Amino acid sequence: MAGAPAASTAGRTPVSLPLTLLRRPMLCLSVLFIVLVVIAALFAPWCAPFDPAEQFAEGLSLEGAPLPPGGTFWLGTDLLGRDLLSRLIFGARTSLLVGVLANGMAVAIGVLVGLIAGYLQGPLGSLLMRFTDLMMAFPALLLAIALAAIFQPSVWIVALVIAMVNWVQIARVIYAETSALSARDFVAVERTLGAGSWRILTVHLIPHLVPTILVWATLGISTTVLLEATLSFLGVGVQPPMASWGNIIFESQTWFTSAPWLVFFPGAAIVLLSLAFNIVGDTLRDALDPTLKRGE
């Protein structure tokens with residue numbers, strides 16, 4: 001019996017875990033797509049064939065309609081004769097910036113609130129959780145629209161607005177896990193030995209929460225990218241002339257039937273990026289969750 005625990009953990013070495021994950025083709029495709037989008041966003045001025053704001057006279061038909069994909073403009077042009085591929089590449093920079101920044105702030109706020117409430121309990125913990133419940137009672141999209149309408153829309157304001165409505169879910173999860181960990185014997189022993197709250201939090205509680213934080217940090221990007229696209233589509237997000245996938249659809253929605261590529265390509269980019277982050281997040285959750293035995 002003494003050798004059983006060692007046998008059950010032998011398959012999850014730092015070397016074997018990445019090899020196990022790479023055997024999943026959907027995960028590999030998701031990671032590849034995310035890497036391509038990140039590279040395109042980081043090196044947008046060099047990856048984009050044209051300036052995203054440049055209006056080409058030859059980018060419109062004789063009737064003034066946008067050109068379909070093909071020829072000089074691989075993905076066609078928009079209503080002003082601008083290259084759609086270039087705008088999508090620069091839009092990836094905006095969408096990823098807002099997604100990563102907003103999700104980072106949301107995770108930080110949620111972890112802080114959940115950790116404090118779960119560890120301290122008492123009146124302060126109850127107050128923090130009741131405030132979290134109050135925030136959860138409001139529909140996130142309506143609250144985000146209201147906040148975005150109050151402030152002057154910009155990349156930073158949109159990221160802040162999304163973070164303000166997205167922290168509540170992770171706060172509840174961190175609160176539940178912190179409460180359960182705080183009741184464990186090893187925490188009681190540490191308190192008995194005279195360990196302070198800072199040591200218990202940093203040495204014993206936070207390391208146990210890292211897998212949950214990593215999973216939510218990955219899955220949350222999918223949510224924030226979708227929410228940014230929704231706000232931009234509704235006209236309260238990132239404002240033109242700055243390109244984002246959401247406002248590209250917003251500007252082109254009236255041409256959906258006659259020029260469907262203007263909506264299809266940015267819409268497909270949003271869906272694929274969100275799906276890729278969801279797949280990576282689900283895989284991380286399965287790999288890092290110690291309660292999943294997977295037949296070991």
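# Notebook: helices, cores and side-chain pairs

I started with Trp245 and looked up what it touches: setting aside neighbours within four places in sequence, I found Val37, Leu88, Gly91, Ala92, Ser95, Pro266, Ala269, Ile270 and Leu273. A reminder to myself: this is a predicted model.

**Entry 1: the cores**

Trp245 turned up again when I looked at the largest nonpolar core. That core has 31 residues, and Leu84, Trp245 and Leu273 are the ones that touch the most other members. Which helices feed it? I listed α3 (25-42), α5, α10 (197-233), α11 (245-252) and α12 (261-288), each supplying at least two residues. The top giver is α12, with 9 residues. There is also a second, separate core of 26 residues, and I noted Val98, Ala117, Leu143 and Ala159 among its members. My course notes fit in here: in soluble globular proteins, nonpolar side chains tend to be buried together.

**Entry 2: helix α5**

Next I checked how long α5 is. With 37 residues at 1.5 Å each, I expected a span of 54 Å, and the C-alpha atoms at its ends are 53 Å apart, so the two agree. (The sum uses one less than the number of residues, which is why I got 54 Å.)

Is α5 enclosed or out in the open? I counted 26 of its 37 residues as buried, so the rest of the structure largely encloses this helix.

I picked Asn103 as a sample residue, since Asn103 sits in α5, which covers residues 84-120. Its relative accessibility is 6%, so I put Asn103 down as buried, the cut-off being under 20%. What does Asn103 touch? Not counting residues up to four places away in sequence, I wrote down Val98, Trp216, Ala217, Gly220, Ile221 and Thr224. Val98 was already in my notes as a member of the second core.

One last thing here: just after α5 comes Gln121, and Gln121 takes a positive phi of about 55°.

**Entry 3: aromatic pairs**

How many aromatic pairs are there? I got 6 for the structure. I looked at Phe50 and Phe56, which are edge-to-face, with 4.9 Å from centre to centre and 70° between the planes. That label makes sense to me because planes over 60 degrees apart count as edge-to-face. Phe50 is partly exposed at 23% relative accessible area, whereas Phe56 is buried at 11%. The next pair I opened was Phe131 with Trp167: their ring centres are 5.9 Å apart and their planes meet at 20°, so I called this one stacked. Phe131 belongs to helix α6 (residues 122-137) and Trp167 to helix α8 (residues 155-182), so this pair ties together parts 36 residues apart in sequence. Phe131 is partly exposed at 45% relative accessibility, but Trp167 is buried at 5%. Back at the Phe50 pair, I saw that ring pairs also bring in Phe73, giving a cluster of Phe50, Phe56 and Phe73.

**Entry 4: salt bridges**

My count of salt bridges came to 6. Arg82 kept me busy. Its side chain meets that of Asp78 in a salt bridge, at 2.8 Å from N to O. Buried or exposed? Arg82 and Asp78 are both buried, and I have Arg82 at 8% relative accessibility.

Arg82 also meets Glu251 in a salt bridge, this time at 3.4 Å from N to O. Here distant parts of the chain are linked: Arg82 is in the loop between α4 (44-47) and α5, Glu251 is in helix α11, and they are 169 residues apart. Glu251 is partly exposed, with a relative accessible area of 22%. When I followed the bridges along, I found a network that links Asp78, Arg82, Arg87 and Glu251.

Then I moved to Arg172 and Asp133, whose side chains form a salt bridge at 3.1 Å from N to O. Arg172 lies in helix α8 and Asp133 in helix α6, 39 residues apart, so I marked this as another link between distant parts of the chain. Both ends are partly exposed: Arg172 has a relative accessible area of 28%, and Asp133 has a relative accessibility of 30%. I had already met α6 and α8 in Entry 3, through Phe131 and Trp167.

Terms used: Residues are numbered from 1 along each chain as its sequence is written. This is a predicted model: local features need pLDDT of at least 70, side-chain atom pairs count only at pLDDT 80 or more; totals for chains, interfaces and linings use all residues. Side-chain values use heavy atoms; hydrogens and water are left out. Helices (H or I, at least four residues) and strands (E, at least two) are DSSP runs, numbered from the N terminus. Buried means under 20% relative accessible area, exposed over 50%, partly exposed in between (1.4 Å probe, protein chains only). Contact means heavy atoms within 4.5 Å. A nonpolar core is a set of buried Ala, Val, Leu, Ile, Met, Phe, Trp, Tyr and Cys residues joined through side-chain atoms within 4.5 Å. Rings of Phe, Tyr and Trp (its six-membered ring) pair if their centres lie within 6.5 Å; planes under 30 degrees apart count as stacked, over 60 as edge-to-face and the rest as tilted. A salt bridge is a side-chain nitrogen of Lys or Arg within 4 Å of a carboxyl oxygen of Asp or Glu.
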